[in-house]
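Q: I should like a close look at one part of this protein, followed by a connected account of other local features. Please treat the matter formally and keep to what the model shows.

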Amino acid sequence: MTGPRRPVPGQPGATAPQRPVLTVRGLRVEFDVPAGRLPAVAGVDLDLHRGEILALVGESGSGKSALAMSLVGLNRGPGTHISGEVDFNGQNLVTASESQLRRVRGRHVAAVFQDALAALNPLHRAGAQVAEMIRTHQQVPRARAWQRAEDLLADVGIANPARNARAYPHQLSGGMRQRVMIAIGLANDPTVLIADEPTTALDVTIQAQVLATLKRLQAEHGTSIVLITHDLGVVAEVADRVAVMYGGRIVEQGTREQVLYAPQHPYTMGLLGSVPRVDGPVADRLPAIPGSPLTGVARPSGCGFAPRCGYAHDACATAPPALTRRHGGPGQHDACLLDAPARAAARAPARTAGGRP
């Protein structure tokens with residue numbers, strides 16, 4: 001892998017905690033639809049620290065991909081309205097011009113998409129596509145870029161990289177194509193890698209291999225990763241911190257252990273309660289969160305989850321609760337007004353069904 005290695009917090013050689021590599025404040029993403037303006041992301045604050053994997057979790061339509069793509073302007077276009085601040089190295093990427101974004105995308109902030117077969121060009125060899133990313137941002141000879149492409153393919157776990165670099169995408173397996181996408185994303189040793197559902201279309205064996213590749217690269221090179229997923233098993237496997245999204249907002253965030261084993265928001269508890277147990281008796285029917293996710297233009301005036309929450313009270317309907325620390329551990333924040341006894345009652349089904357302590 002090219003480029004110097006960065007120290008990872010908590011490992012030998014790491015320095016004291018530094019300022020986040022990416023800071024998001026008040027980010028809003030809205031799309032014009034026939035019924036009006038759809039608030040896909042409704043005011044999000046996030047910090048991404050150096051060398052960590054931050055998982056964005058939530059149901060389909062919660063705003064995960066819209067949030068991640070807006071970090072580098074990949075969803076700009078007619079009918080799209082993006083506001084707020086995405087600070088990267090002192091530059092607000094929300095207000096940056098397209099030419100400024102092109103200097104950041106692929107070089108400092110890269111992306112890996114869900115469908116590698118659709119993202120890769122079927123007319124170009126795998127190695128050529130990796131080499132093209134290198135030469136787009138660096139002044140290197142074609143032969144040197146190709147050699148570095150082969151090195152990258154080997155680094156992400158592709159066997160016989162010299163041969164497979166000359167293969168076309170359709171000649172590679174799903175796992176190999178996803179590794180090619182990761183190699184393209186890491187071609188310029190970016191500071192931030194955005195991975196949008198990188199393992200959804202893969203079988204469990206290949207999924208585990210791809211996740212291990214991401215985890216190893218994060219540990220060895222200190223790359224900060226935004227991992228978008230709806231799979232809590234993936235979160236448990238690789239995430240350092242977790243942000244749970246619902247209705248375009250962050251409703252809970254904290255470390256992996258805090259969110260998975262001591263959830264504070266009823267929505268998080270509902271997600272965990274729907275996970276089947278791998279130990280103990282098998283339930284006849286998994287509990288489900290009642291109702292449907294927010295999809296339309298109209299949104300509740302208060303907590304977006306209140307219409308589906310069995311513990312909501314009058315205060316939940318007045319205004320969206322702020323994301324702050326209430327009853328969780330240090331660094332754990334939630335957007336819920338329930339008191340401690342109500343939270344304990346809501347958490348009980350998650351413990352029973354999802355196997356959480």
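Which backbone nitrogen does the side chain of Glu252 reach?

A: In this predicted model, the side chain of Glu252 reaches the backbone nitrogen of Gln264, at 2.9 Å. Glu252 itself is found in strand β10, which comprises residues 249-255. Its relative accessible area is 0%, so Glu252 counts as buried, the limit for that class being under 20%. The polar contact to Gln264 is thus made by the side chain of a buried glutamate.

A further buried glutamate is Glu197, with a relative accessible area of 10%. Glu197 lies not in a strand but in the loop between β7 (192-196) and α8 (204-221). Its phi is near 50°, a positive value in a residue other than glycine. As background, most residues other than glycine have a negative phi. Asn89 also has a positive phi, near 55°, and is likewise not a glycine. Is Asn89 buried or exposed? Asn89 counts as exposed because its relative accessibility is 61%, and the cut-off for that class is over 50%. Asn89 is placed in the loop between β4 (80-88) and β5 (91-92).

The two strands that flank Asn89 also belong to an open sheet of four strands, in the order β2-β1-β4-β5 and with antiparallel pairing. At the edges of this sheet stand β2 (36-48) and β5, each of which pairs on one side only. Strand β1, residues 22-33, pairs with β2 in the antiparallel sense over 10 bridges. Within this part of the sheet, Glu30 stands opposite Pro39 in β2.

Turning to the helices, α4 (residues 126-137) and α5 (residues 142-155) have axes that come within 8 Å and cross at roughly 115°. The crossing of α4 and α5 is right-handed. By class, the contact between α4 and α5 has nine nonpolar, one polar and three charged residues. On the α4 side, the residues in contact are Gly127, Ala128, Val130, Ala131, Ile134 and Arg135. They meet Arg142, Ala145, Trp146, Arg148, Ala149, Leu152 and Leu153 in α5. The one polar residue is Gly127, because glycine is counted in the polar class. The three charged residues are Arg135 in α4 together with Arg142 and Arg148 in α5, since arginine is counted as charged.

To return to the part first asked about, Glu252 in β10 is buried, and its side chain reaches the backbone nitrogen of Gln264.

How values were computed:
Residues are numbered from 1 along each chain as its sequence is written. This is a predicted model: local features need pLDDT of at least 70, side-chain atom pairs count only at pLDDT 80 or more; totals for chains, interfaces and linings use all residues. Side-chain values use heavy atoms; hydrogens and water are left out. Buried means under 20% relative accessible area, exposed over 50%, partly exposed in between (1.4 Å probe, protein chains only). Two strands pair if DSSP finds at least two bridges between them. A polar contact is a pair of N or O atoms within 3.5 Å; within protein, one must be able to donate a hydrogen and the other to accept it, and residues adjacent in sequence count only if both atoms are side-chain atoms. Axes are lines fitted to C-alpha atoms, for helices over the stretch in contact, and angles run from 0 to 180 degrees between N-to-C directions. A crossing is left-handed if the near helix is turned anticlockwise from the far one by less than a right angle, and right-handed if clockwise. Contact means heavy atoms within 4.5 Å.
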